[in-house]
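Good morning, colleagues. I should like to walk you through one protein model, beginning with its overall form and ending with one of its sheets. Please look at the structure on the screen.

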Amino acid sequence: MKYEIIGSSSKGNAIVVEDILLLDCGVSYAKIKPYLKKVKIIFISHEHKDHLLPSTIQKIAYNKPTIRFVSGSKEVTKKLLENGVNKMNIYYMQGGKWFSLGLVNLKLEPMKHDVENYALKFKINNVNKKGIYIVDTASVENLKAEKYDLYLIEANYKEETLQRHLQECSQEELVYLQRVPYTHLSYEKANTFLIDNMGANSEFQYIHESSFNFEGDE
Ligand SMILES: [Zn+2]
Ligand SMILES: [Zn+2]
């Protein structure tokens, strides 16, 4: 399945799949603009600024008023409305069920973060391929996505590296670092999920990797 990463870190997330589906919108409008001619649907996982950048949403709502937005989060829906997205273009979806929007079929799955957050299962109908987007979650237990074509999965930190940082860091950093295992996914957990779910023809991509500076807390 074709995809392009425009951004994937705590500095800003946006991934385009098969030209038509944009996963999160946490980068500048200038970075997104070249893709907007073809993008039809934008999924927003959660309200954090690295996934939903208000200034970019405002410009999209103004310049591309037909793009549809999908989210399972009330807070995201509220922010979309506040930033000028037409109510008719906001699809507030329940988790755990497949929905069809014509070009794509979508299913949201609740994740474990410090705010309401969803992973997205998607099927791009014209190429008949399935993918999953998993970001900003402490755990993927109870999540199943067997033999999908594409896995975009957070691999935020290595468990051993985090342990080392916890011992060496300053008191201020400690407050943030201690939260990481409760808000983000480790390589180890990502790998377990991939091994349990991938088929012979699946591909995967690690996303939202931290360089271990842990700037911001998105
Ligand atoms: Zn977040
Ligand atoms: Zn994030």
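**Overall form and one open sheet**

Of the contacts in this protein with a separation of 6 or more, 55% are between residues 24 or more positions apart. I should say at once that the model is predicted.

Let me turn to the overall dimensions. The C-alpha trace spans about 50 × 40 × 30 Å along its principal axes. The radius of gyration is 17 Å, which agrees with a compact globule, because a globule of 218 residues would have a value near 17 Å. Buried residues account for 39% of the 218 residues.

As for secondary structure, the protein contains seven helices and 12 strands. I shall concentrate on one sheet. In what order do its six strands lie? The order is β7-β8-β9-β10-β11-β12, in an open sheet with mixed pairing. At the edges we find β7, residues 98-100, and β12, residues 203-207, each of which pairs on one side only. Neighbouring strands of this sheet are turned by 15° against each other on average, with direction ignored.

Consider the β7 edge. Strand β7 runs antiparallel to β8, residues 104-110, and three bridges join the two. Ser100, for instance, has Asn105 in β8 as its bridge partner.

At the β12 edge, the question is which helix lies across β11 and β12. That helix is α7, formed by residues 187-197. Strand β11 comprises residues 150-154, and α7 runs at about 160° to this strand.

Key. Residues are numbered from 1 along each chain as its sequence is written. Chains are lettered from A and ligands numbered from 1 in the order in which they are written. This is a predicted model: local features need pLDDT of at least 70, side-chain atom pairs count only at pLDDT 80 or more; totals for chains, interfaces and linings use all residues. Helices (H or I, at least four residues) and strands (E, at least two) are DSSP runs, numbered from the N terminus. The radius of gyration is taken over C-alpha atoms; the globule rule is 2.2 Å times the number of residues to the power 0.38. A residue is buried if 20 or more other C-beta atoms lie within 10 Å of its own, exposed if 12 or fewer, and partly exposed in between; C-beta atoms are placed from the backbone. Two residues are in contact if their C-beta atoms, placed from the backbone, lie within 7 Å. Two strands pair if DSSP finds at least two bridges between them. Axes are lines fitted to C-alpha atoms, for helices over the stretch in contact, and angles run from 0 to 180 degrees between N-to-C directions.
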